[in-house]
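Me: Could you take a close look at one part of this model for me, the place where the ligand sits? I'd like to know what surrounds it and how that spot fits into the rest of the chain.

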Amino acid sequence: MADASPSVSRSVLGGPAPRPGVVHLGVGAFHRAHQAVYTDRAMAATGDPRWGIVEVAPRSADVVDALRRQDGLFTVLERSGDDVTARVVGSVAEAWHAPSSWTEVAARFADPRISVVTLTITEKGYLGDPVTGALLDDDAVRADVAAVAAGERPRTGLGLLVAGLRGRAVADAGPVTVLSCDNLVGNGARLGRLVGEFAARLPGAPGYGLAAWLAASARFPSSMVDRIVPATTAADRADAARLTGFADDAVVAAESFTQWVIEDDFAGERPPWELAGAELVADVGPHETAKLRVLNAAHSMIAYLGALAGHETIAAAVADPPIRAAVEALHRDVLTTIDAPPGWDLRAYAASVLERFANSALGHRCDQVAADGSQKLPVRVVPTILATRAAGRSSAAATLVVAAWLRFVLAGRSDDGRPLTVNDPARDALRAVPASDVERLLDAAAVVPPDLVADDAWRADVVRYLDDLSRHGVRGRRQ
Ligand code: CS2
């Protein structure tokens with residue numbers, strides 16, 4: 001507990017308790033500050049309590065335990081400048097830790113009241129090759145295919161999803177929409193493909209009829225999600241207690257901006273999220289592309305350059321003139337290679353993104369955004385390199401992001417020698433390669449397609465930028 005204040009409980013909200021309508025995998029801070037808030041508002045707008053969220057944590061029990069102590073309630077703080085406001089969110093109906101409560105989780109998947117399954121399991125949770133999107137064939141996938149085939153509890157988010165869907169098919173519990181809320185382009189189609197490939201690996205292929213059931217009864221719409229939600233700090237917990245009067249171990253803090261664009265392709269009923277400001281559109285592809293290549297790509301660039309330059313936060317890094325100039329160059333290249341979603345002004349969008357990054361009240365850490373670059377760069381940055389190259393040009397700025405990421409992972413130290421927190425699934429594979437062998441580094445990282453690795457001119461650019469960063473640092477760069 002954060003302090004001696006009482007725990008928040010349902011009696012503070014009044015109104016009916018939500019009933020289970022949506023199963024969600026991945027109870028992280030982003031989900032709590034995004035979808036859970038939309039769902040809360042949508043239920044409040046209609047007074048219809050049947051879209052409560054059944055939270056499922058694939059691994060850690062901490063948030064689930066906190067939510068259970070607090071009747072599913074938690075606080076969302078909004079931070080902008082000196083202003084901070086608090087809102088208690090009441091859309092969580094249940095919370096389960098999959099490793100200890102798999103029977104209950106499986107039962108929710110097979111419950112006809114559930115018609116939507118949503119996911120925030122992060123890029124690496126999809127178990128797909130970041131470049132090709134195909135299902136990996138590693139120990140984790142093989143173990144989970146065997147677990148699902150044997151009717152046992154899987155361990156990965158994707159395995160839990162497939163097992164849950166299979167149970168639903170067997171129970172004949174009705175159609176279901178599986179909605180990805182992760183930062184991947186074409187996230188719905190990508191997830192549908194991975195689920196299909198997983199099902200096809202089950203014995204009695206294709207997965208005891210699972211493939212046929214999925215084709216008839218499941219939809220995998222894509223969605224673009226956006227809200228900056230840093231990791232929760234002790235200061236957030238203290239502010240929440242001060243503003244609400246309750247101790248809250250599941251508090252999240254976010255910027256005020258929030259956006260959700262959802263492909264309108266549902267297999268059955270869904271929460272009326274549009275009443276809370278979500279947009280339902282026929283094609284979400286242009287929105288996903290714009291968000292990933294303008295916002296997330298710039299975020300990654302700022303995180304690597306910022307961490308190397310010794311900045312702790314994104315806000316401090318984006319205010320540093322050489323970093324700001326690099327990001328503006330990146331945006332110029334990106335804007336020549338993408339189409340604006342209907343009604344968007346991409347230049348204004350790019351400017352608004354930089355303004356949001358400048359929100360120093362968020363304290364968003366560079367090392368948080370820098371994590372998992374090997375999973376993020378293929379969707380955020382590499383497409384800009386490929387698109388400019390296809391047009392007979394090159395994007396120095398996008399290539400610089402690849403070099404800065406390599407430098408960050410390999411050096412693990414800022415330009416002034418301070419250690420950095422490097423979390424990346426490719427870290428050990430990269431550090432096993434001599435830092436001077438850029439071709440082998442790029443092969444080992446598997447973040448760019450093989451024909452780009454084989455492009456001598458492009459590789460020479462990476463070598464130059466890496467060399468420049470290691471000799472002169474981010475602030476003294478010559479290139
Ligand atoms: C960030 C995102 O951590 C990261 O990689 O770029 O989480 C970013 O804050 C969100 O996508 C904003 O919607």
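Reply: Let's start with what "domain" means here: the domain bounds come from an automatic or database domain assignment. Keep in mind too that this is a predicted model.

With those bounds, the chain splits into domain 1 (10-281) and domain 2 (285-476). Both domains give residues to the shell around the ligand, so the ligand lies between them.

Who's in that shell? Asn 183, Asp 226, Arg 227, Ile 228, Asn 296, His 299, Gln 368, Val 369 and Lys 376 surround the ligand. Sorted by class, that makes four polar, three charged and two nonpolar residues. Two helices stand out as suppliers: H10 and H14 (366-370) each put at least two residues into the shell.

Now for the two domains on either side. Their C-alpha centres are 29 Å apart. Where they meet, 21 residues of domain 1 are in contact with 26 residues of domain 2. On the domain 1 side of that meeting, strand S3 (74-80) and strand S9 (223-226) each contribute at least two residues. That side is a mix by class, with 10 nonpolar, six polar and five charged residues.

Helix H10 is worth following a bit further, as it also turns up in the packing of the chain. The largest nonpolar core has 147 residues, and the members touching the most other members are Met 301, Ile 302, Tyr 304, Leu 305, Val 401 and Ala 404. H10 (residues 285-308) gives this core its largest share, 13 residues. The core isn't confined to one domain either: at least three of its residues come from each of domain 1 (10-281) and domain 2 (285-476). If you want one residue to click on, try Leu 305, which touches Ala 317, Ile 323, Ala 326, Ala 404 and Val 474, leaving aside residues up to four places away in sequence.

Zooming out to the whole chain, you'll find 21 helices and 12 strands. Its radius of gyration is 22 Å, close to the 23 Å that the globule rule gives for 479 residues, so the chain is as compact as a globular protein of that length. The C-alpha atoms fill a box of roughly 60 × 55 × 40 Å along the principal axes. Buried residues account for 49% of the 479. And of the contacts with a separation of 6 or more, 76% join residues 24 or more positions apart.

Notes
Residues numbered from 1 in each chain as written. Predicted model: local features only at pLDDT ≥ 70, side-chain atom pairs only at ≥ 80, totals over all residues. Helix = DSSP H or I, 4+ residues; strand = E, 2+ residues; numbered from the N terminus. Rg over C-alpha atoms; globule rule 2.2 N^0.38 Å. Buried ≥ 20, exposed ≤ 12 C-beta atoms within 10 Å, placed from the backbone. Contact = placed C-beta atoms within 7 Å. Core = buried A, V, L, I, M, F, W, Y, C linked by C-beta atoms within 7 Å. Near = placed C-beta within 6 Å. Nonpolar A, V, L, I, M, F, W, Y, C, P; charged D, E, K, R; others polar.
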